[in-house]
Amino acid sequence: MRTDTPQAIYLKDYTPPAFLIETVDLDVAIETGHATVTAALACHRNPAAADPSAALVLTGEELKLETIRLDGRLLGQGEYALCDDRLLIHAELPESFTLTTVSTINPDGNTQLSGLYRSKDGYFTQCEAEGFRRITWFLDRPDVMAKYTVTIHADKAQFPVLLGNGNPVGAGDEEGGRHWAKWEDPFRKPSYLFAMVAAKLDMLEDWFVTKSGRKVRCAVYVEPGKLDQCGHAMAALKKSMKWDEDVFGLEMDLDHYMIVAVGDFNMGAMENKGLNIFNTKYVLARPDTATDIDFQNIDRVVAHEYFHNWTGNRVTCRDWFQLSLKEGLTVFRDQQFGMDMHSAGVTRIQEVRTLRTAQFPEDAGPMAHPIRPASYAEINNFYSATVYEKGAEVIRMIHTLIGKDAFRKGMDLYFARHDGQAVTCEDFVAAMQDASGLDLTQFKRWYNQAGTPKLVVRGAYDAATKRFTLDVEQLYPATAYEKRLEAEGKPVARGAYHLPLVLGLLDADGRELPLRLAGETSAAGTQRVLSVTEDRQSFVFEDIAAAPVPSLLRGFSAPVVLDYPYTAAELTHLMAHDSDAFCRWEAGQRLATDILTAGIAAYQAGDGDSLAWIPTTYADAIRALLGSAFAPGGDPALVAEALALPSEVVLIEATDGTVDPDAIHAARLALRRHLARELKGPLAAAYHELKVDAPYSPEAQQAGARALRNACLGYLAEIDDAESRALVMTQFDTADNMTDTMAALAAIAQFELAERDDALARFLDKWKDEALVVDKWLMVQSTARAADTGQRVRALLQHPAFDIKNPNKVYALIRAFCAANPKHFHAADGSGYAFAADAILQLDAMNPQVASRIARAFDRWRKFDTHRQSLARVQLARIQSQNGLSRDVAEVVGKALDS
Ligand code: B3K
Ligand code: ZN
C-alpha cells in the first residue's frame, strides 16, 4: 500500500543538460500491431554542463530497444545499460557523435494517448510534456533543441495522409501497397513540439499572405466526410495570423501551417511546430451541430495554438517549471484576441468566471501552487488553471502597470533577446522591466507565491476636507503549497504583492468624478491605476464634493478577492451606472451572493422556503437590468451574463466555514424561481423580442441576442407550468441551430418528466453519428439537477453512446458530473464520491492524465461537513491503496489526503 505522495522534483535542482543534440533524423515505419522507430541523434557535449565527464543518459518509456549504434558501430552488451526508463551509454564518447537507436513501439496499445497512438482514422502524436520518450530514446527536456527530419512509412490505402513538422521534402511508394513521406523542420525545437500523423483524412486548403508577402499554405485536416465543419476553424486561423501581425508584429515563419483534428485527445489542442493537432471539439462546427460558445471556443483555441508559434515555439521554456512563461503569456494573447474579436466586456466577464470556477478553488485547495511551482511530482498535473489562467492574469497585470505601448516594446525586446532559446520567467519579466523602466522586482512574487490574495478596502469620506480616503490592505495567508514546503524544510518567503488597482468614483447621479490624488496639482481623468505595493496603504482623493461610490478593481485588474463593505443600495447604483462592464456585472454578482448567503443560512435554519431572505427590491433591480438590454446602447450579451446567478461552485468557494451543498442548491434555485415568477411578463416579452430571424451566424451580435433569449427561457422554464413547458418544447422542436436546441434541452433536462426522456431520445437518435453532439447529450444529463441524475449517470456508463477510452466522453459524463454538479457529486449518501473513485480507478489503468483530472474533484473535500469528509476520505484512501497507481493520480490523491 502506498502511504505518501510520489517523489517530487525541484526547480532548484535544475542543471543544464550534459549533452546537446544538433539534429534528429527519425524514421517511423507503421506496421500492423507495431511501429519501428529508428532515431539518429547527432550529439555533442554541452560546454555549459556542470560536469564535463557526465554520462549520456537517454529517457524512454514503453520502448523495446532493438539495436544501438555509436557512429555506425553496433554497441554490445556492457557498452550500455537499460535501467527502468533510462538508457545509459557506457561506451566512451567522442566530443561529437551520432547515436542511432532502433526501437519497437506499440501505438495500437497506447491508451494513454501520449506519444504515438492509434485513433479511429489513423495514427497521431502528443509529445508535450514528456511524450517524445514514448516514441524514441531521447534527452526529452525542453532545453535540448534540435533540427528534425522524419520519414514516415505506412499502408497507403489505410493511411493516405502522412504529415510531419515543417516542409515536405520527399514522398514515394513502397512495396506491399505502402508509401512514405519525408518532412523537414527548418527550425530548431524541443522534442515536445514534434508531431507526425499517418491517417485517412479530408483536407480544406487556403492561403494566407504575410505582411512581408510570403504565401503560407493553411490546411485543416479532418476525418472523412467532415469538410463542411472546418470552415470556421480555417477562418479563425487566418484571423489569428492577421491579428498577431497587427498587434504584435509577429509573422508566420513557415510555408505550411497544418491543423489536424482527432477525436481521441487528452486536452484541447497542441501547438506542434507547423502541425497543430487538435481535439475535434475545437475544430468541427456547423450551425446545427455547434453552439455559439463552441464557435467562440474554436476561435480562441485556434488563436492560442497559433500564437504559441512565437510564445512557446520560437522562444520556449528552459524547464517545465517555467510552463507559465509560454502558457500564461499565450492565454493572455488569446484573451486579447478574444476581446478584439467579440465583445470586450463579455469576454472579460467570462474569463473572470472561469478563474473563479477553476483557479480560485485550486489556489485554496491541496494542489495550490504558484504560477511557477518550485516542485512537482507529475508535470501533467501542472497544466493547471493556475499556470494558464492565473498566469495570464499576471501578464495582464504587467500590461496594466506598464501600459500597452511599453508592453509591446517589452515583447519586441523579449524576442530580440531570446529568439531560438529556451528561457525562464525571469527572462520575460526582465524584458518587460527593461523596456518599461518599471522595477518589477517585487512584482515577481506573483511567480513564487501561491494563493488568492484578499484585498481589504475601506473608504472614508470627510465632508469638511472634501477628501475620500481608501485604505487598502492585502492578506495572503499561506496555502497548502507553502505549508508543504515548510514541512519539507524548504525556504518559504512571502511578502506583499505589487498589483494594479484600477478604479473610478461615482457620484450620487452615477457620474464619474475627476480623480486627483493628494499631492497632485490637477485631476488626471476619471479612472486611475493605483499601484499597490504595501501590506497596508492609503490613497487620498481630493475635491470630492460628496461621499462617492467607489468602482473598484475595474476590468478585474488583479486576481484577488475584493473585500469592500458595499451596501445593497451602492451595488444597485454600480449595476446601473458604472462605466466599466466588469464592475457592473460584478456588482450584480455581489448583490446576488449577499442575498444567497442569507438564503443559505435560512435554508440551514429550516426557514428557506419562506423566501423572507429575498429583499423586495431585488426583482426590481433585475427588471431594470433586463430592460437595459433594450435601451439605446444596450448590450444583450452583457445582460445575459448579468442575469446568471453565481454558480454553485462559485458559491461553495465564497462560503466561509463549512459548505452545505444542499442549502446552496436550494437557495439558488429558490432565487431563480422567485425571479421567474416576479418577472414572468418582462422575461416572456424579452424572449419574443429577441428572436433572431436572420440566417444563423456565430458573430457577437446574434450570439448575444440568443444568449439573452435563452437566459430568459431558462428562467421561464423554472415556473414549470404547462405554458413554460410548451415554450421550451416548441423551441426544442423548431430551433434551426444547436445553440437554441441545447438551451431548450438543458431546460427540459432539469425535470423528471416524460417530455425529458422523449426529447433526449429524439436528440440522440438524430445525432448519434456526430460524436461531439453525443458529448452534449451526455453532458446535459450529467449536469442536470433532476433527482435521478446520479442513477442516470451510472446507467449511462453502460450506454453504447459512451466510451470510457475517449477523453471527450469521459469529460462530458464523468468530469462534468464530478466538477460541475455539486448537488449530486456531494450527495450526502456518498454515492457521488464512490462513483468518482470507481471511475478514477478504472481510468487510471488506461489513461492516467484523464484519471488525474477527475481526481481533482476531491480537491475541496475538506470544506464539507464531517460526515461528507469521512465518506470522501474512504474513497480517497481506496484510490491511494490501489497497486500500481499512476504518479498523476497518486500526487493528486496524496496531496488531498495530506491536506
Ligand atoms: N501546450 C498544450 C498542452 C499540453 C498538455 C500536456 N499535458 C496545449 C496548449 O496549451 O496550447
Ligand atoms: Zn497553450
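Arg 372 lies in the loop that runs between helix H4 (344-364) and strand S23 (375-376), where helices (H or I, at least four residues) and strands (E, at least two) are DSSP runs numbered from the N terminus. The structure is a predicted model, in which local features need pLDDT of at least 70 and side-chain atom pairs count only at pLDDT 80 or more, while totals for chains, interfaces and linings use all residues. Residues are numbered from 1 along each chain as its sequence is written, chains are lettered from A and ligands numbered from 1 in the order in which they are written, and side-chain values use heavy atoms, with hydrogens and water left out.

With a relative accessible area of 7%, Arg 372 is buried; buried means under 20% relative accessible area, exposed over 50%, and partly exposed in between, for a 1.4 Å probe and protein chains only. When residues up to four places away in sequence are not counted, Arg 372 touches Leu 11, Phe 321, Gln 322, Cys 425, Glu 426, Tyr 447 and Asn 448, contact being defined as heavy atoms within 4.5 Å.

One of these partners, Cys 425, belongs to the buried residues of H7, which are Cys 425, Phe 428, Val 429, Ala 431 and Met 432. Seen down the axis of H7, these buried residues fall within an arc of 155 degrees, so they line one face of the helix; the arc is that of the directions from the helix axis to the C-beta atoms. The cover over the buried residues of H7 includes helix H3 (323-341), helix H5 (385-402), helix H6 (404-418) and helix H8 (445-448). For the twelve residues of H7 (residues 425-436), a span of 16 Å is expected at 1.5 Å a residue, and the end C-alpha atoms are 17 Å apart, which agrees; the expected span is 1.5 Å times one less than the number of residues. Just after H7, Gly 437 takes a positive phi of about 80 degrees.

The zinc ion (ligand 2) has as its protein donors His 304 (NE2), His 308 (NE2) and Glu 327 (OE), which lie 1.9 to 2.0 Å from it. Donors are N, O and S atoms within 2.8 Å of the metal (3.2 Å for Na, K and Ca), and sites may look incomplete because water is not among the atoms. Along the chain, the donors of the zinc ion follow the spacing H-x3-H-x18-E. His 304 is buried at a relative accessible area of 7%, and His 308 is buried at 0%.

A second helix, H27 (residues 866-880), has 15 residues that should span 21 Å, and its end C-alpha atoms are 20 Å apart, which agrees. The buried residues of H27 are Arg 868, Gln 869, Ala 872, Gln 875, Leu 876, Ile 879 and Gln 880. They fall within an arc of 140 degrees when seen down the axis of H27, so they line one face of the helix. These buried residues pack against helix H15 (661-678), H25 and helix H28 (887-898), whereas the face of H27 turned away from its buried side carries the exposed residues Thr 866 and Val 874.

Asn 847 lies in the loop between helix H25 (831-844) and helix H26 (848-855), and is buried, with a relative accessible area of 4%. Leaving aside neighbours within four places in sequence, Asn 847 is in contact with Thr 111, Gln 112, Leu 113, Asn 266 and Pro 807.
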